[in-house]
Amino acid sequence: MNVSHRNKSGGSSPLHVAVAVVRDNEGRILLAQRPRHVHQGGLWEFPGGKIEPGEVVEQALARELIEEVGIEPVSVSPLIRLHHQYTDKAVLLDVWQVDNFNGVAHGREGQPVEWVKAESLDDYPLPEANQAILKAVRLPELYFITPEPGEDHEGFLQELQRCLAAGVKLLQFRAKSLNRKDYTTLAGQVIRLSGEYDASVMLNREIGLVTPLDAHGVHLTSEQLVTLRQRPLAEGYWVSASCHNRQELQLAQQLAVDFVVLAPVKKTASHPEATPLGWPGFHELTEDASVPVYALGGMSLADIQVARHHGSQGIALISGLWARPDEQALLMRAENT
């Protein structure tokens with residue numbers, strides 16, 4: 001495989017690669033082992049390969065899957081697009097999710113292939129560029145942000161339970177109106193309740209609360225971002241961040257966050273003074289991202305596929321789901337299909 005291409009100015013352009021995250025009916029993910037004699041040989045990888053001149057990504061994806069593992073994709077959707085610089089070459093990974101396919105996967109070139117549960121992917125050594133793909137694979141399409149709980153904490157927890165029952169798997173507990181003691185007490189209840197639904201909880205508060213409360217991670221505000229010089233939590237915890245422009249996005253990536261929320265995409269009633277990015281502006285920023293990005297601002301469940309096609313992991317929302325039984329029912333049906 002050619003390690004790079006030369007552009008007209010004499011510099012090198014990245015090798016454009018189509019990558020497939022293929023899931024079977026059990027949600028397991030297909031991995032193949034690279035031959036020992038090639039670049040990154042012996043490591044496991046998601047199937048895929050170089051996009052040939054004149055090919056669009058979907059065509060390259062279909063060709064590579066047929067050639068490598070003998071399956072024909074039926075339905076695909078974009079997952080993440082990543083730039084990565086190895087010591088010897090630059091690559092642009094166009095990663096797509098394949099949820100439906102024809103055929104039985106096998107190594108057509110004699111390479112070992114395995115179906116692996118998402119939680120077991122760390123047991124398989126992968127190329128460095130694939131680490132961000134692992135995060136995207138494990139993250140859902142919806143990042144739910146709780147509204148202010150008000151004084152009725154019991155009612156707040158009941159509504160949260162309805163959202164969890166509808167299929168929320170990743171949520172940010174955000175309660176700016178609560179003092180530290182009340183926040184800590186309610187956060188503990190939120191974490192315990194979410195655990196009953198196998199959902200992960202990010203705390204939008206002091207970083208030091210994550211470990212004692214047994215939360216899954218921390219969500220950093222843009223104000224917190226500028227005060228940090230290194231990743232605030234060890235690997236094994238999630239770290240996310242709020243970003244509004246290219247500078248904040250770059251800073252978040254320098255801190256090795258796991259994913260970001262980019263806002264506002266649309267004009268919102270809560271922040272009418274903010275200039276929305278719009279989908280073109282959002283897409284331009286995701287092109288430079290090396291981590292999964294959620295779209296925030298005026299989102300509803302109907303925006304998930306639009307967001308995905310503009311380079312997003314999915315959407316982050318508050319009012320689009322809270323106290324809206326029709327939307328919760330829609331999410332439940334989507335989770336069950």
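Two strands count as paired if DSSP finds at least two bridges between them. Keep that in mind while touring this structure, which is a predicted model.

**Strand E4 and its partners**

A good place to start is strand E4, residues 29-33, where Leu30 stands opposite Trp115 in E9. That match belongs to an antiparallel pairing of E4 with strand E9 (residues 113-116), made over 4 bridges. E4 also pairs with strand E5 (residues 44-45), again in the antiparallel sense, over 2 bridges. There, Ala32 stands opposite Glu45 in E5.

How many of the 5 residues of E4 are buried? The count is 5 of 5, and the strand is described as mostly covered. Ile29, Leu31 and Gln33 point one way from E4, whereas Leu30 and Ala32 point the other way, and all are buried.

**The four-stranded sheet and its helices**

Elsewhere, 4 strands make an open sheet with mixed pairing, in the order E6-E3-E8-E7. Strand E6 (48-50) and strand E7 (72-85) stand at the edges with a single partner strand each, so one side of each has no neighbour in the sheet. From one strand to the next, the twist averages 20°. Strand E3 (residues 15-22) and strand E8 (residues 90-102) run parallel and are joined by 8 bridges. Within that pair, Val21 has Gln97 in E8 as its bridge partner.

Two helices pack on this sheet, and the table sets out their contacts and directions.

| Helix | Residues | Strands touched | Angle between directions |
|---|---|---|---|
| H1 | 57-69 | E3, E6, E7 and E8 | about 65° with E3 |
| H2 | 131-138 | E3, E7 and E8 | about 135° with E7 |

**Nonpolar cores**

In soluble globular proteins, nonpolar side chains tend to be buried together. Here the largest nonpolar core has 57 residues, and those touching the most other members are Phe144, Val168, Phe173, Val190, Leu203 and Leu321. Phe173 makes a nice example: leaving aside its neighbours within four places in sequence, its contacts include Phe156, Tyr183, Leu186, Val190, Val201 and Leu203. Thr146 and Asn204 are also among the contacts of Phe173. Apart from the largest core lies another, of 26 residues, with Leu15, Ile29, Leu79 and Leu134 among them.

**A look at Ser222**

Ser222 sits in helix H6, which covers residues 222-225. Is Ser222 buried or exposed? The cut-off for buried is under 20% relative accessible area, and Ser222 has 13%, so Ser222 is buried. Setting aside its neighbours within four places in sequence, Ser222 is in contact with Ser242, His244 and Glu248.

**The chain as a whole**

Stepping back, the protein chain holds 10 helices and 17 strands. Its radius of gyration is 21 Å, close to the 20 Å that the globule rule gives for 337 residues, so the chain is as compact as a globular protein of that length. Taken along the principal axes, the C-alpha atoms fill a box of roughly 60 × 45 × 35 Å.

Buried residues account for 50% of the 337 residues in the chain. As for the surface, the chain exposes about 16100 Å², and carbon and sulfur atoms supply 50% of that area. Of the contacts between residues at least 6 apart in sequence, 61% join residues at least 24 apart.

Terms used: Residues are numbered from 1 along each chain as its sequence is written. This is a predicted model: local features need pLDDT of at least 70, side-chain atom pairs count only at pLDDT 80 or more; totals for chains, interfaces and linings use all residues. Side-chain values use heavy atoms; hydrogens and water are left out. Buried means under 20% relative accessible area, exposed over 50%, partly exposed in between (1.4 Å probe, protein chains only). Contact means heavy atoms within 4.5 Å. Axes are lines fitted to C-alpha atoms, for helices over the stretch in contact, and angles run from 0 to 180 degrees between N-to-C directions. A nonpolar core is a set of buried Ala, Val, Leu, Ile, Met, Phe, Trp, Tyr and Cys residues joined through side-chain atoms within 4.5 Å. The radius of gyration is taken over C-alpha atoms; the globule rule is 2.2 Å times the number of residues to the power 0.38. Accessible areas come from the Shrake-Rupley method with a 1.4 Å probe; for residues, only the protein chains shown count as cover.
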